[in-house]
Amino acid sequence: MQHQPEAALSAAMHSFWRSGYHHTSLRDLLDAMNISRSSLYHTYGNKEALFTKALSRYREQLLAQLATSLAQEESAWCFIERLLKRTAEQAESEQASLGCLIFNSATELGNSETAEAQAAKQSVQAITAFFVTVIEQAQQEGSISEEYDAHSLAYFLTLSMSGLRLLLKSGATQQQAKSQVEHVLRGLGG
């Protein structure tokens, strides 16, 4: 069977997403990716490098999905509202139990100087940068007051999404999650 690097990277990403960086063993990765140890080292380097590539893949896919969703909405405010509400609707699903690979990794790895922790930090920063753009667009549209700092509100939205993902991962019901979404929307000025 021929090695398919893209499929193998996707399998690794899902392994890290399900189990976390520290709880995903090299054996787990080899089995999920259906490759040999030598192929992993030759193609990806090591577990650390594979993780950063997998996290980068996840981040790129997530940001592309978010950008597409934003472009399809009638306004930035509608995008924010729908993003939060759709996330809340995932309560008690398999998706909810996984959480978000970026937020999971940032929580697990902390703010250490390792390449893996720095990749998680950069991924959180990339989400926040995207949210800055969304908040600025909502301010230009008049749905969020320009008296509020867009960067601060973007961090608030990142914090809110991270917290919402954590609530869902820990078993919050859809009603509980939707209630928190309403607080977040009010906090953003809506």
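**Exercise 1. Place Ala-11 in this predicted model: state which helix holds Ala-11, whether Ala-11 is buried or exposed, and which residues Ala-11 contacts beyond its sequence neighbours.**

Solution. Begin with the secondary structure, where Ala-11 is found in helix H1. Next take the relative accessible area, which is 19% for Ala-11; because buried means under 20%, Ala-11 counts as buried. Then set aside the neighbours within four places in sequence, and the contacts of Ala-11 that remain are with Ala-32 and Met-33. Finally, consider Tyr-148, which lies 137 residues from Ala-11 in sequence and 42 Å from Ala-11 in space, taken from C-alpha to C-alpha.

**Exercise 2. Describe the surroundings of Ser-123, and find the residue whose side chain is joined to that of Ser-123 by a polar contact.**

Solution. Ser-123 is found in helix H8, and with a relative accessible area of 0% this serine is buried. Apart from neighbours within four places in sequence, Ser-123 is in contact with Leu-55, Arg-59 and Ile-102. Of these partners, Arg-59 is the one to examine at the level of side chains, since a polar contact of 2.9 Å joins the side chains of Ser-123 and Arg-59.

**Exercise 3. Work out which residues of helix H7 are buried and which helices they pack against, then compare the span of helix H8 with the expected value.**

Solution. Helix H7 covers residues 101-109, and its buried residues are Leu-101, Ile-102, Phe-103, Asn-104, Ser-105 and Leu-109. The buried residues of H7 pack against helix H1 (5-19), helix H4 (47-72), helix H6 (94-98), helix H8 (115-141) and helix H9 (150-169). After H7 comes Gly-110, with a positive phi near 65 degrees.

Turning to H8, this helix has 27 residues and reaches 39 Å from its first C-alpha to its last, which is close to the 39 Å expected at 1.5 Å a residue. H8 is followed by Gly-142, where phi is again positive, near 90 degrees.

**Exercise 4. Determine how many salt bridges the structure holds, and analyse the pairs of Asp-31, Glu-73 and Glu-81.**

Solution. The general principle is that side chains of opposite charge can pair when their charged atoms come close. The structure holds four salt bridges, and the pairs named in the task are taken in turn.

- Asp-31 pairs with Arg-27, with the closest N and O atoms 2.9 Å apart. Because these two residues are four residues apart in helix H2 (residues 26-33), they are separated by about one helical turn. Arg-27, at 48% relative accessibility, counts as partly exposed.
- Glu-73 pairs with Arg-82, and here the closest N and O atoms are 2.5 Å apart. Glu-73 counts as buried at 17% relative accessibility, whereas Arg-82 is partly exposed, with a relative accessible area of 38%.
- Glu-81 and Lys-85 meet through their side chains at 3.4 Å, N to O. They are four residues apart in helix H5 (residues 76-89), so about one helical turn separates them. Glu-81 is partly exposed, at 26% relative accessible area, and Lys-85 is partly exposed as well, at 30%.

**Exercise 5. Establish how many disulfides a search of the whole structure finds, and decide whether Cys-78 is buried or exposed and whether Cys-100 is buried or exposed.**

Solution. The search of the whole structure finds zero disulfides. For the accessibility of the cysteines, Cys-78 has a value of 17% and therefore counts as buried, while Cys-100, at 4% relative accessibility, also counts as buried.

Key:
Residues numbered from 1 in each chain as written. Predicted model: local features only at pLDDT ≥ 70, side-chain atom pairs only at ≥ 80, totals over all residues. Heavy atoms only, no water. Buried < 20%, exposed > 50% of the residue type's maximum accessible area, 1.4 Å probe, protein only. Contact = heavy atoms within 4.5 Å. Expected span 1.5 Å × (residues − 1). Disulfide = S-S within 2.5 Å. Polar contact = N/O pair within 3.5 Å; in protein donor to acceptor, adjacent residues only side chain to side chain.
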